[in-house]
Amino acid sequence: MALEENNAPLTAADVEALRNRFPILSRELYKRPMVYLDNTATTQTPREVVDTIDAMYFTHKANVHRGVHTLSQEATAMQEATRCDVARFIGAASEREVIFTRGTTESINLVASSYGSLLREGDEVILTEMEHHANIVPWQLLRDRRGIVIKVVPINAIGELDMDVFRSLLSERTRIVSVTHVSNVLGTVNPVAEIISEAHRAGAVVLIDGAQAVAHIPVDVRALDADFYVFSSHKMYGPCGVGVLYGKEALLERMPPYQGGGEMIKTVTFAHTEYAELPFKFEAGTPDFVDIAALRTALGFLEEVGVARAGAYEDSLLHYATEGLQKIPSMRIFGTAPGKSAIISFLIGHGHHYDTGLLLDKLGVEVRTGHHCAQPLMAALGITGTVRASFAVYNTFEECDRFIDATRRVAAMLE
């Protein structure tokens with residue numbers, strides 16, 4: 001029975017067994033055991049995912065599709081097995097609705113370019129103040145090309161979206177609402193089901209940026225009724241350079257190709273090209289079939305652990321670490337929405353986030369510093385950046401203690 005079906009909380013022994021599958025976690029930095037808390041940027045990779053990559057390169061490497069020889073057939077079968085598993089993992093109706101990209105960023109750009117080509121001057125796109133740059137800049141490029149109007153939903157003092165303002169922004173010209181499922185800075189879990197329902201009532205389609213959600217929250221795209229849902233492999237224990245775009249089949253059928261080349265065609269003449277059927281219409285060129293196959297192994301890891309179980313355990317780490325940090329004088333935590341994901345963004349007094357991050361690194365604690373590709377959010381918060389600690393299923397309470405103690409020491413240095 002998969003652990004996904006087991007509701008028992010993860011124990012210390014469970015977590016220790018998981019940690020043993022991640023060789024990098026045994027590293028030492030500056031003669032101290034490393035504490036890796038940069039999981040929002042990228043998670044570490046279990047050994048079995050790397051083993052899949054090795055096997056693909058050493059045993060099965062050949063270009064996918066159209067090849068009749070054994071290696072090509074094997075590689076093709078592995079890639080398409082991943083597509084089927086992704087569809088099942090997120091509750092898609094069909095593997096035809098799963099498009100492989102290079103990551104969340106390319107997935108959003110694909111929708112903005114392709115579905116965006118159906119928009120007209122004056123049509124409106126609604127974003128939020130907490131979006132990653134990857135969910136802002138593509139829409140600005142579309143605005144520059146087609147004259148669309150971008151509207152922005154603000155946040156309140158604890159980092160929640162102002163849903164009253166969101167509703168007021170919806171109009172007969174609203175065509176797309178594009179919003180993050182979980183803020184990569186605040187940890188806020190947005191009410192995406194409500195957002196989708198309200199947007200549909202106004203006649204708009206909705207794109208959900210799920211990069212920070214799929215490894216921590218069970219996602220069912222059909223239950224949400226999402227039109228588009230996007231995420232990245234490297235944030236869910238998989239390899240880098242692979243992403244997913246889920247789109248409702250009827251919408252994908254309407255959309256023109258994003259790129260042209262091999263794979264995405266049915267027939268080509270100099271007079272006319274007939275495009276391939278879904279999902280291949282959006283997958284021009286040779287895909288990263290090696291890492292796509294490894295993504296399937298990462299999905300297996302997540303399903304073995306159980307996404308809901310992982311999320312519940314990470315929440316316990318979040319609450320434990322937050323309680324400890326709040327005891328440090330001059331600690332400022334940004335994003336305190338109820339039910340937030342396991343992300344803590346903070347500043348110590350008026351100390352610079354880079355200084356804090358560098359000092360924590362010397363104490364063996366790896367955190368992210370800067371604006372986290374969310375400069376409009378930083379402007380709304382009245383700061384230039386934060387220190388961000390984010391948790392994954394392999395982190396421990398002992399690591400939280402080390403993080404809290406190191407942060408307390410850094411706070412004393414910065415006084």
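Helix α14 (residues 397–414) lies across β13, β14 and β17, and runs at about 20° to β14. The exercises below start from this helix and work through a predicted model.

**Exercise 1. Describe the sheet on which helix α14 lies, and name the other helix that lies across β13 and β14.**

Solution. Begin with the strand order, which is β13-β14-β17-β16 in an open sheet of four strands with antiparallel pairing. The edge strands are β13 (331–334) and β16 (368–370), each of which pairs on one side only. From one strand to the next, the twist averages 30°. At the β16 end, the pairing with β17 (residues 386–390) is antiparallel and extends over three bridges, and Gly 370 has Thr 386 of β17 as its bridge partner. The other helix is α11 (residues 307–325), which lies across β13 and β14 (343–348) and runs at about 10° to β14.

**Exercise 2. Decide which class of accessibility, buried or exposed, applies to Lys 31 and to His 65.**

Solution. First locate the two residues: Lys 31 is found in the loop between β1 (28–29) and β2 (32–33), while His 65 lies in the loop between α2 (47–60) and α3 (70–90). Next consider the backbone, where Lys 31 has a positive phi of about 65° without being a glycine, and His 65, also not a glycine, has a positive phi of about 65°. Finally apply the cut-offs, by which buried means under 20% relative accessible area and exposed means over 50%. Lys 31 is therefore exposed, at 81% relative accessibility, whereas His 65 is buried, at 18%.

**Exercise 3. Establish how many disulfides the structure holds, and examine Cys 373 in that light.**

Solution. The structure holds zero disulfides. For Cys 373, the nearest cysteine sulfur is that of Cys 240, at 15 Å, and a disulfide would require the two sulfur atoms to be within 2.5 Å. Cys 373 is partly exposed, with a relative accessible area of 32%.

**Exercise 4. Find where the cis peptide bond between Leu 278 and Pro 279 is placed.**

Solution. The bond joining Leu 278 and Pro 279 is cis, with omega at about 0°, and Pro 279 is found in the loop between β12 (273–275) and α10 (289–305).

**Exercise 5. Judge where the coordinates call for caution.**

Solution. Start with the whole protein, whose mean pLDDT is 96, with 99% of its residues reaching 70 or more. Then turn to residues 1–5, over which pLDDT stays under 50. Where pLDDT is low, the predicted coordinates should not be read in detail.

How values were computed
Residues numbered from 1 in each chain as written. Predicted model: local features only at pLDDT ≥ 70, side-chain atom pairs only at ≥ 80, totals over all residues. Heavy atoms only, no water. Buried < 20%, exposed > 50% of the residue type's maximum accessible area, 1.4 Å probe, protein only. Pairing = 2+ DSSP bridges. Axes fitted to C-alpha atoms, helices over the stretch in contact; angles between N-to-C directions. Contact = heavy atoms within 4.5 Å. pLDDT = per-residue confidence, 0-100.
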